[in-house]
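Biologist: I'm new to this one, and I'd like to learn how to read it feature by feature. Could you walk me through it?

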Amino acid sequence: MKRIAQVLSSLAFLATANMLHASTPYSGTPIAIPGTIEAEDYDLGGEGDAYHDVDAGNNGPASYRTDDVDHEACSEGGFNVGWTVPGEWLKYTVNVTSNGSYTITTRVASAVATGAFHIEVDDVDVTGPISVGTTGGWQAWEDRTSTVTLFAGQRVVKLFIEGADLNIN
């Protein structure tokens with residue numbers, strides 16, 4: 001019986017330790033869905049929890065945030081995420097208001113044809129790879145759309161970069 005109590009105590013400690021490293025919404029409250037997710041408003045929590053960025057510091061000239069995610073001023077207003085490489089990702093805590101089919105529209109720009117990404121909800125890829133292609137420049141914005149089924153409640157959306165060199169607004 002004592003051994004079971006030790007195991008349960010260890011599991012409780014591990015669960016607490018994992019919660020200490022979870023990401024939290026950038027604004028303090030989950031983003032309402034339907035609604036708009038701004039790429040630069042990814043969760044708080046740091047490298048490995050709220051985002052993964054392969055290089056140190058911000059490669060862009062903007063200073064909206066002070067972590068390592070690369071961003072710059074956007075021609076459409078606000079900021080965009082850029083200087084992307086495969087394997088990088090950003091998390092967004094959202095609150096889906098009701099079960100249903102949703103259209104995700106992602107604003108992307110690229111001067112090269114290598115960019116691609118996918119979107120995950122609660123660590124499940126819901127879109128498959130989405131190719132960006134050349135849009136005509138780093139600030140020449142186009143939409144990429146996907147239709148997904150979402151379930152009501154708090155969820156974590158992850159934007160996962162598959163192919164290098166795209167900007168996301």
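**Reading strand 7 and its surroundings**

Modeller: Start with the side chains of strand 7: Ala 116, His 118 and Glu 120 point one way, Phe 117, Ile 119 and Val 121 point the other way, and all of them are buried. Keep in mind that this is a predicted model.

Biologist: What is the general idea behind side chains pointing in two directions along a strand?

Modeller: In a regular strand, side chains alternate between the two faces of the sheet. Here, 6 of the 6 residues of strand 7, residues 116-121, are buried, so the strand is largely enclosed by the rest of the structure.

Biologist: Okay, who are the neighbours? Which strand joins strand 7 through 6 bridges?

Modeller: That's strand 11, residues 153-163, and the two run antiparallel. For a spot to look at, find Val 121, whose bridge partner in strand 11 is Val 157. Strand 9, residues 130-131, is also joined to strand 7, by 2 bridges and again antiparallel. There, Phe 117 stands opposite Ile 130.

Biologist: And how does strand 7 pair with strand 8?

Modeller: In the antiparallel sense, over 2 bridges, with strand 8 covering residues 124-125. Val 121 has a bridge partner here too, namely Val 124 in strand 8. Strands 7 and 8 form a hairpin with 2 residues between them, and Asp 122 in the turn has a positive phi of about 50°.

Biologist: Which other residue in the loop between strand 7 and strand 8 should I look at?

Modeller: Asp 123 sits in that loop. Its phi is positive, about 70°, although Asp 123 is not a glycine. There's another such case at Asp 165, with phi near 70°, in the loop between strand 11 and strand 12.

Biologist: Are those two aspartates buried or exposed, or somewhere in between?

Modeller: The cut-off for exposed is over 50% relative accessible area, and buried means under 20%. Asp 123 has 60% relative accessibility, so it counts as exposed. Asp 165, with a relative accessible area of 33%, is partly exposed.

Biologist: What about the backbone elsewhere: where is there a cis peptide bond?

Modeller: Look between Ile 33 and Pro 34, where omega is about 10°. Pro 34 lies in the loop between strand 1 and strand 2.

Biologist: Let's try the salt bridges. How many does the structure hold?

Modeller: There are 7. One of them ties in with the hairpin we just saw: the side chains of Lys 158 and Asp 123 meet at 3.7 Å, N to O. That pair links distant parts of the chain, with Lys 158 in strand 11 and Asp 123 in the loop between strand 7 and strand 8, 35 residues apart. Lys 158 counts as buried, at 12% relative accessibility, whereas Asp 123 counts as exposed.

Biologist: Which residues are linked in a network of salt bridges?

Modeller: Glu 76, Arg 107 and Asp 143. Within that group, the side chains of Asp 143 and Arg 107 meet at 2.7 Å, N to O. This pair also links distant parts of the chain: Asp 143 is in strand 10 and Arg 107 in strand 6, 36 residues apart. Asp 143 is partly exposed, at 41% relative accessible area, and Arg 107 is partly exposed as well, at 24%. For a buried pair, go to Arg 65 and Asp 67, whose side chains meet in a salt bridge at 3.8 Å, N to O.

Biologist: Last topic, pockets. How is empty space found in general?

Modeller: Rolling a probe the size of a water molecule over the atoms shows where empty space is left. In this model, about 530 Å³ of space lies in the largest pocket. Its lining has 23 residues, and Gly 35, Ile 37, Ile 104, Thr 105 and Thr 106 lie nearest the centre.

Biologist: Which strand gives the largest share of that lining?

Modeller: Strand 6, with 6 residues. Strands 5, 6, 7 and 11 each supply at least two residues. By class, the lining has 15 nonpolar, 6 polar and 2 charged residues.

Biologist: And what volume does the second largest pocket have?

Modeller: About 190 Å³. Among the 10 residues lining it, Ala 22, Ser 23, Lys 91, Asp 123 and Val 156 lie nearest its centre. So Asp 123 turns up again, as a lining residue here and as a salt-bridge partner of Lys 158. The lining of this second largest pocket divides into 2 nonpolar, 4 polar and 4 charged residues.

Methods
Residues numbered from 1 in each chain as written. Predicted model: local features only at pLDDT ≥ 70, side-chain atom pairs only at ≥ 80, totals over all residues. Heavy atoms only, no water. Buried < 20%, exposed > 50% of the residue type's maximum accessible area, 1.4 Å probe, protein only. Helix = DSSP H or I, 4+ residues; strand = E, 2+ residues; numbered from the N terminus. Pairing = 2+ DSSP bridges. 1 Å grid on protein atoms, 1.4 Å probe; cavity = no way out; pocket = protein on both sides within 12 Å on 5 of 7 lines; lining within 4 Å. Points joined across faces, edges and corners; volume = space filled by probe spheres on them. Nonpolar A, V, L, I, M, F, W, Y, C, P; charged D, E, K, R; others polar. Salt bridge = Lys/Arg side-chain N within 4 Å of Asp/Glu carboxyl O.
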